[in-house]
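User: Please take a close look at one part of this model. I would like a connected account of one sheet, the helices beside it and a few residues around them.

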Amino acid sequence: MIDVLFISPGNASGIYQNLASDYAAIEPPTWALLLAQSCRSIGHTVDLIDINAEQLDKEEVANRINNLSPRLICFAVYGQNVNSGTVNMSGAVYISKYLKEIGIKIPICYIGSYIQAVPVKALKEEPSIDFGFTNEGVYALRNILSEETIDINNLDHIKGIVWRKDGIPKINPSEKIVPNERMDIDLPGYAWDLLPMKDKPLDLYRAPMWHAEYDQDKRSPYAAIQTSLGCQFGCDFCMINILNRNDEDEIGVAGNYSNMRYWSPEFIIKEFDKLVELGVHTIKITDEMFLLNRKYYVPFCEMLRDRGYGKFLRMWAYSRIDTVRRPDLLKLVREAGIKWLALGIESGDKAVRLEVSKGKFEDVDINKVIEQVHGADIEVMANYIFGLPGDTKESMQKTLDLSKDLCTFGWNAYATMALPGSKLYKNSIINNIPLPNTYEGYSFHSYDTLPLPTDSLTAAEILEFRDKAFDEYHSYPPFLEKIKEKFGQIAVDNINKMLKVKLKRRIINDQND
C-alpha cells in the first residue's frame, strides 16, 4: 500500500487531431512530479502513472491501481499549454468514471487549473471526482494525507478544497500557497525517478518540433522544469495565476491572484545537474516570466555557464518582449544554453495589446528587440493571438504582416479562447457569450474548438484566419530560406510535411455550408 498515487491523464482523442502522432509535444507531468516529491519529502509513500507517455488504456490503469493499492488517487490535470488543464479534463474524467464504474472505492481527487477556476461547476458535472483542490494544493494535500482515514463525507476541517457536503458542492476556506521562503523546502524538486521510460530516462517525452530545430531525432529525451511559479502581470486572456487562488468565489479569475515565487538558483541548479546526469539535453524552462527578476535568473545562468552546460544543452524559456533589451544579459542567457526565447508579442496593433492589459509595450520597438535577441545568437519563438478584444480583419492582418517582417524561426498563433480561470471566461459568462460545451472545445487544435468572437468578427472568421496564417507563414519563402540556411534541407522538408496535416474545424465547416 502507498499513500498517494498521482495520475497524469492521457489526451482525449481529437485534441490534436492528426498532429498527435508525430507533431504534438509530450511533456513530463511537472506538477505531478513536484507534488510527489513534496509528499515524500515528509515521509509519505507515492507513485505515478503517466497515461499519455505510456499510452495506457483504462484497464491497464485499473490493474496498476489495484497492484499499488493507494490510500488516495490524485489526478494532476495540467499540461504543456495554458489550456491543457481544461482540455485534459476529458482524458482524466474518462479514467475516473471508469474507476468508479468498476467499483474501486479509493477516494479520487483532482488538482489542476480547471477545478481551481470553477470548483463548484467541476463537482456538479463530474460525480467521479470526490474532492478537488482550489489552488496549488501543496498544504491541503499534506493535510489530507495526515488523516488516519480519508473520509470524503467529512472534510469540513480541510482548507483549500472543494467537496460535497450532503451531496452539495462546498468550497472550504482557502489554504495558503507555499511562501517564497519555503519554496526549496516544501516544493523540494521533481520525482524524476517515478517517470516511465523505454530505454533511457525521459525518452518517452518529446519537445516541440521547432525546439528540436525541426529535427525529429533531437526531440527526445525531453524535460520541462520551472524556476519560478506564477506571474506578476494580469492579462485578461491568461489563467496562469489561478494556482495562486486565495478566495472561495465560484468562478476564479487569475488576474486577481498575480504573484511570483522563486526557488533559489542554488536549488534549481541541482535539478539541472540531475537532468544532465540522466542524459537529458533538451529542456524547457516553463516559467511564464523567466527573464524578469535578475536576482534569480542572472546567478542561475552564471551557474549553467560556469558548469559548461551551455555548450551542449538545448533549452528554451519564456519572456515578455519588454524584458529582453540588454545585450549583456542576452549574451549570458545564450552562454547558459538557452538557444530559444518564446516571446509573447500577441498582436501587431498596440491598441489591441493594451486592451487586454498586456501593457508596457508602448515604448518598445518590437523589431529592434527581435534584432537584439537574434544578435545574441538566440532564436525566437514568437507567439501571437488572433481575435483579441478590439481585433478586426485589418488588425489581424497587421499582426500577420508584423510576424512575416520579424521572420522568426519559431511562429505560434492561437485564436483567442476564454479559458476557465481567465477574465475573458468570467466576462463571457456574465455577457452570455457562447463557450465550448466540451473540454475538447477548449483545445486550440481540436475539431470542436470554439474561440471568442469580437465586435466585428465571428469565431469562425477568426479561426479561419488563424489556420490560413499558420500555412502562410510556414510556407513563406524568406522563412524557409532562413530555416534551410540555419538547420538544413531536412528541417525544410519536415516543415513541408507538417503543412500537409490539415486541421478540420466544425465551426468553419458550418460557416461554409
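Analyst: What follows goes through the six-stranded sheet, then its helices, then two single residues, and ends with the other sheet. The model is a predicted one.

The sheet is open and has six strands in the order S8-S11-S12-S13-S14-S15, with parallel pairing. Its edges are formed by strand S8, residues 222-225, and strand S15, residues 410-415; each has a single partner strand, so one side of each is left without a neighbour in the sheet. On average, and ignoring direction, neighbouring strands here are turned by 20° against each other.

Start at the S8 edge. S8 pairs with S11 in the parallel sense, over four bridges. Within that pairing, Ala223 has Ile283 of S11 as its bridge partner. S11 in turn pairs with S12, again in the parallel sense and over four bridges. Ile283 appears here as well, standing opposite Met315 in S12. Ile283 of S11 is thus linked to both strands, because it is the bridge partner of Ala223 and stands opposite Met315 in S12. The next pairing along joins strand S12, residues 314-319, to strand S13, residues 338-346, in the parallel sense over five bridges. There the bridge partner of Ala317 is Leu341 in S13.

The side chains of S11 can be taken next. In a regular strand, side chains alternate between the two faces of the sheet. In S11, Thr282 and Lys284 point one way, while Ile283 and Ile285 point the other way. All four of these residues are buried.

Now the helices. H10 lies across S8, S11 and S12, and runs at about 175° to S8. Two packed helices are described by the angle between their axes and the distance between the axes. For helix H10 (residues 265-277) and helix H11 (residues 294-306), the angle is about 40° and the axes are 9 Å apart. That makes H10 oblique to H11. Their crossing is right-handed. On the H10 side, the contact is made by Pro265, Glu266, Ile268, Ile269 and Phe272, which meet Lys295, Tyr296, Pro299, Phe300, Met303 and Leu304 of H11. By class, the residues of this contact are nine nonpolar, no polar and two charged.

H11 also packs against helix H12 (residues 327-335), at an angle of about 45° and with the axes 8 Å apart. H11 is therefore oblique to H12. This crossing is left-handed. From H11 come Arg294, Tyr297, Val298, Cys301, Glu302 and Arg305, and they meet Leu329, Leu332, Val333 and Glu335 in H12. The contact divides into six nonpolar, no polar and four charged residues.

Two single residues come next. Thr286 sits in the loop between strand S11 (282-285) and H11. Its relative accessibility is 15%, so Thr286 counts as buried. Apart from neighbours within four places in sequence, Thr286 is in contact with Glu27, Ala224, Ile225, Gln226 and Tyr318.

Ser403 belongs to helix H15, residues 393-406. With a relative accessible area of 1%, Ser403 is buried. Not counting residues up to four places away in sequence, Ser403 touches Tyr384, Thr408, Trp411 and Tyr473. Asn383 is 20 residues from Ser403 in sequence, and the two are 9.2 Å apart in space, C-alpha to C-alpha.

Last, the other sheet. It is an open sheet of seven strands in the order S2-S1-S3-S4-S5-S6-S7, with mixed pairing. Strand S2 (46-50) and strand S7 (168-171) stand at its edges with a single partner strand each, so one side of each is left without a neighbour in the sheet. Neighbouring strands of this sheet are turned by 25° against each other on average, direction ignored. Strand S1, residues 2-8, pairs with S2 in the parallel sense over five bridges. Leu5 has Asp47 in S2 as its bridge partner. Helix H1 (residues 30-40) lies across S1, S2, strand S3 (70-77) and strand S4 (108-112), and runs at about 170° to S2.

Terms used
Residues are numbered from 1 along each chain as its sequence is written. This is a predicted model: local features need pLDDT of at least 70, side-chain atom pairs count only at pLDDT 80 or more; totals for chains, interfaces and linings use all residues. Side-chain values use heavy atoms; hydrogens and water are left out. Two strands pair if DSSP finds at least two bridges between them. Axes are lines fitted to C-alpha atoms, for helices over the stretch in contact, and angles run from 0 to 180 degrees between N-to-C directions. Contact means heavy atoms within 4.5 Å. Angles under 35 degrees count as roughly parallel, over 145 as roughly antiparallel, 65 to 115 as roughly perpendicular and the rest as oblique. A crossing is left-handed if the near helix is turned anticlockwise from the far one by less than a right angle, and right-handed if clockwise. Ala, Val, Leu, Ile, Met, Phe, Trp, Tyr, Cys and Pro count as nonpolar, Asp, Glu, Lys and Arg as charged, and the others, Gly among them, as polar. Buried means under 20% relative accessible area, exposed over 50%, partly exposed in between (1.4 Å probe, protein chains only).
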